[in-house]
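This briefing covers one strand, its pairing and the largest pocket. Please read it alongside the sequence and the coordinates.

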Amino acid sequence: MKAPAPKYAANDGVIAAAQAALGDMLVEATDLVGEVNLTVRRDDLVAAMTVLRDQPMLQYQQLVEIAGVDYPARAERFDVCYMLLSLTRNHRIRVRVMTDEVQPVPSVTEIWPVAGWLEREVYDMYGVLFSGNADLRRILTDYGFRGHPQRKDFPLSGFVELRYSEADKRVVYEPVQLAQDFRNFDFMSPWEGAQYVLPGDEKAATAPAAAPAPPPPAAPEAKGAPTPASADQVAKADAAEKPVKARVRKPKTSDGPKDTGIGKATPKAGPAPADPDVVKKPRKPRAPRKPKGAA
C-alpha cells in the first residue's frame with residue numbers, strides 16, 4: 001500500500017466556497033487536523049444542506065452519518081454533527097448545529113431519506129428532538145427505557161434492569177439493585193504506593209506471630225504417584241515384582257486375503273473380469289491326435 005488510508009481531495013478553497021454560498025447561515029468555519037468543519041444556524045439547517053448539495057463548487061451529495069456530542073456545561077449542551085461526502089469531488093466535510101433538550105433540530109429527511117434512521121439514533125442516545133421526522137421513536141433501546149444512555153449525566157447502572165421471572169414466565173422490569181455498592185477507586189496500583197489501606201490489610205497489624213517454618217522436604221521420590229515410602233523402598237518393590245506376560249494366543253499380524261476373505265493377494269491373481277463388449281465364440285473340440293507311426 002502506498003498510503004495507509006484512501007486519499008481525498010485537498011481542502012484548498014472549500015471554506016471560501018462555503019462562505020460565499022452560505023452567507024449569514026454560516027456561523028463558523030475551521031480547518032483542523034485536515035478536516036473542514038462548518039457550524040451553521042439551527043433554523044437554517046435545511047437551507048444550508050440544500051446549498052451544500054446543489055452548489056456547483058461544493059456538490060456534497062451523500063449523507064454518511066449523523067452523530068451527537070454532549071457538553072453538559074454549555075447552555076446548548078448538544079452538538080448534532082452531519083458527515084457529508086462529495087462523490088464528484090472526492091471530499092468530506094462535517095456540518096454542525098447546536099441545541100438543547102427542548103429546542104428541536106429541523107429534520108433533513110426531505111433531502112436525504114436515510115436521515116430518518118440516523119436521527120432516531122441521536123434521539124434515542126441523547127434525547128435531541130427533530131422537527132419534521134414523521135417516525136421519531138427509539139431505535140436501539142428497549143420499550144419503556146428511561147433516559148438517554150449517551151448523556152454524560154446518565155448513571156452507569158441505569159434506572160431499571162430486566163430479567164426472566166420463573167414465577168410470571170415472562171421478562172420483568174425492576175429497579176436496579178446492586179449486590180455490592182460502588183467503591184471509590186483512585187486507579188493507583190497498590191505496589192506503587194497507594195495512600196490507603198486495602199480491605200483486610202488492617203488485620204496484619206494485630207495478627208499473632210507466625211508459626212515456625214516447616215522442615216525442608218526430603219529427597220525427591222521415585223517416579224509415580226506420591227507415596228510415604230522412601231525412594232529405596234520403591235526401587236526394591238519394583239525389583240521384586242515379576243513381569244506379567246500378556247495372554248495372547250496368536251500374535252498380532254497383518255491380515256491377508258485368506259484370513260479376511262476379501263480381495264486378492266495380488267492385482268493379477270484370479271480370473272480376469274468378464275468384458276461385456278467382447279463376444280467370445282465357442283471353441284470347436286479338437287480331434288484327437290494320432291500317435292506317431294500309426295497308419
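Strand 5 (residues 91–99) turns His91, Ile93, Val95, Val97 and Thr99 to its covered face, while Arg92, Arg94, Arg96 and Met98 lie on the uncovered one. In a regular strand, side chains alternate between the two faces of the sheet. Strands here are DSSP runs of E, at least two residues long, numbered from the N terminus. The model is predicted: local features need pLDDT of at least 70, side-chain atom pairs count only at pLDDT 80 or more, and totals for chains, interfaces and linings use all residues. Residues are numbered from 1 along each chain as its sequence is written, and side-chain values use heavy atoms, without hydrogens and water.

**Pairing** (at least two DSSP bridges between two strands)
- Strand 2 (residues 35–40) runs parallel to strand 5, joined by 3 bridges; Asn37 has Arg94 as its bridge partner.
- Strand 4 (residues 78–86) is antiparallel to strand 5, with 9 bridges; Asp79 is partnered by Met98.
- The hairpin of strand 4 and strand 5 has 4 residues between the strands, and Asn90 there takes a positive phi near 55°.

**Largest pocket** (an open set of 1 Å grid points where a 1.4 Å probe fits, with protein on both sides within 12 Å along at least five of seven lines; lining residues have an atom within 4 Å of a point)
- The space in the largest pocket is about 200 Å³, a volume filled by probe spheres set on the points.
- Strand 5 gives the largest share of the lining, 4 residues.
- Strand 2, strand 4 and strand 5 each supply at least two lining residues.
- Among the lining residues are Tyr8, Asn11, Glu35, Met83 and Arg94.

Conventions:
Buried < 20%, exposed > 50% of the residue type's maximum accessible area, 1.4 Å probe, protein only.
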